[in-house]
Amino acid sequence: MTEGIKNKVVVITGASSGLGEATARHLAAKGASVVLGARRADRIHALAEELTAAGHKAKAVATDVTDRDQVKDLVQAAIDTFGRIDVMLNNAGLMPLAPLERLKIDEWDRMIDVNLKGVLYGIAAALPRMQAQKSGHIINVSSVYGHVVDPGATVYCATKHAVRALSEGLRKEVKPYNIRTTVISPGAVSTELLEHISEKDIQQGTRDFVSKIAVGPDTFARAVAFAINEPDDVDINEILFRPTAQP
Ligand code: NDP
């Protein structure tokens, strides 16, 4: 059994930018073997090559988290390459904000598919192996929007509230298997998240607000590292952080 971060095998979805990329860099530098999943294969392969060239351990697998077989293959690649999976970081997500009355129904579907079903597929892929190992750690990414609801963010908030609910249920269910669960709820962090807001007025307003207060993605990476680095008999169930300037 590996304690701390060094030599742990960490699978990260959404590793091609933002929080996932920063976490991959942070954990690899601390001696973890990182397995990177995202759809933009060029980005994750370049990152894996960069980390490997720096003497770290990394593997990239093009993955769409809305396809459960691809998520299974991502976890299998971690086991084939590094022999086990210690941490599953279900981080992939998107936030195309818009009021309900604009009926962006395809975007609602997309958020449910990626933010919620993608997390469930990550759990489904990692859980059997972790149960067999009698150890593991599943980290799900919610949001401050998993704690509050603002107009214009209703569907996103619903997905992030759901991630907190399923993380709490998971926590209780996996006790017998010595599996830790953590849900992390970040506040505003500078990433590419706002680039996928299709409603230009809302995108601009959100950018104006976020750019004044956002902190860097390393903030999130440090939170992940903290949860993993605690001794294995300590389960950091939930982390919520905001930039100090965020209301
Ligand atoms: P980014 O847009 O920078 O990163 C999102 C990541 O998700 C990308 O790597 C993207 O990769 C991946 N992704 C999106 N769709 C899919 C898919 N179908 N399959 C696989 N990967 C996918 O944003 P962040 O880093 O900010 O977002 C990461 C998480 O953090 C999200 O869950 C977000 O909701 C959450 N969050 C972010 C906050 C912030 O302020 N930035 C605050 C609170 C929560 P690719 O496009 O290559 O597939």
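**Packing around helix α5 and the ligand shell**

The cover over the buried residues of α5 includes α4 (105-133), β5 (136-141) and β6 (179-186). The model is predicted. Seven positions of α5 are buried: V155, Y156, C157, T159, K160, V163 and S167. The helix has 20 residues, which at 1.5 Å a residue should span 28 Å. Its end C-alpha atoms are 28 Å apart, so the expected and modelled spans agree.

Y156 lies in this helix, which runs over residues 154-173. Y156 counts as buried because 24 C-beta neighbours fall inside 10 Å, where the cut-off is 20 or more. Neighbours within four places in sequence aside, Y156 is in contact with M95, L97, M111 and Y145. S142 is 14 residues from Y156 along the chain. The C-alpha atoms of Y156 and S142 are separated by 10.0 Å.

The ligand is surrounded by 29 residues. G14, G18, R39, R40 and G93 are the closest. By class, the shell holds 13 nonpolar, 12 polar and 4 charged residues. Helix α1 (residues 18-29) supplies the largest share of the shell, with 3 residues.

A record adds a domain assignment. The unreviewed UniProt entry carries the annotation "domain: Ketoreductase" for residues 8-192. In the model, helix accounts for 48% of this span and strand for 19%. The end C-alpha atoms of residues 8-192 lie 28 Å apart.

At the level of the whole protein, there are 7 helices and 7 strands. Along the sequence they follow the pattern β-α-β-α-β-α-β-α-β-α-β-α-α-β. The radius of gyration is 17 Å, close to the 18 Å that the globule rule gives for 247 residues, so the protein is as compact as a globular protein of that length. The C-alpha trace spans about 50 × 40 × 35 Å along its principal axes. Of the 247 residues, 43% are buried. Among contacts with a separation of 6 or more, 72% join residues 24 or more positions apart.

Conventions:
Residues are numbered from 1 along each chain as its sequence is written. This is a predicted model: local features need pLDDT of at least 70, side-chain atom pairs count only at pLDDT 80 or more; totals for chains, interfaces and linings use all residues. UniProt positions are given in the numbering used here, feature names are shortened, and annotations may be inferred rather than shown by experiment. Helices (H or I, at least four residues) and strands (E, at least two) are DSSP runs, numbered from the N terminus. A residue is near a molecule or strand if its C-beta atom, placed from the backbone, lies within 6 Å of it. Ala, Val, Leu, Ile, Met, Phe, Trp, Tyr, Cys and Pro count as nonpolar, Asp, Glu, Lys and Arg as charged, and the others, Gly among them, as polar. A residue is buried if 20 or more other C-beta atoms lie within 10 Å of its own, exposed if 12 or fewer, and partly exposed in between; C-beta atoms are placed from the backbone. Two residues are in contact if their C-beta atoms, placed from the backbone, lie within 7 Å. The expected span of a helix is 1.5 Å times one less than its number of residues. The radius of gyration is taken over C-alpha atoms; the globule rule is 2.2 Å times the number of residues to the power 0.38.
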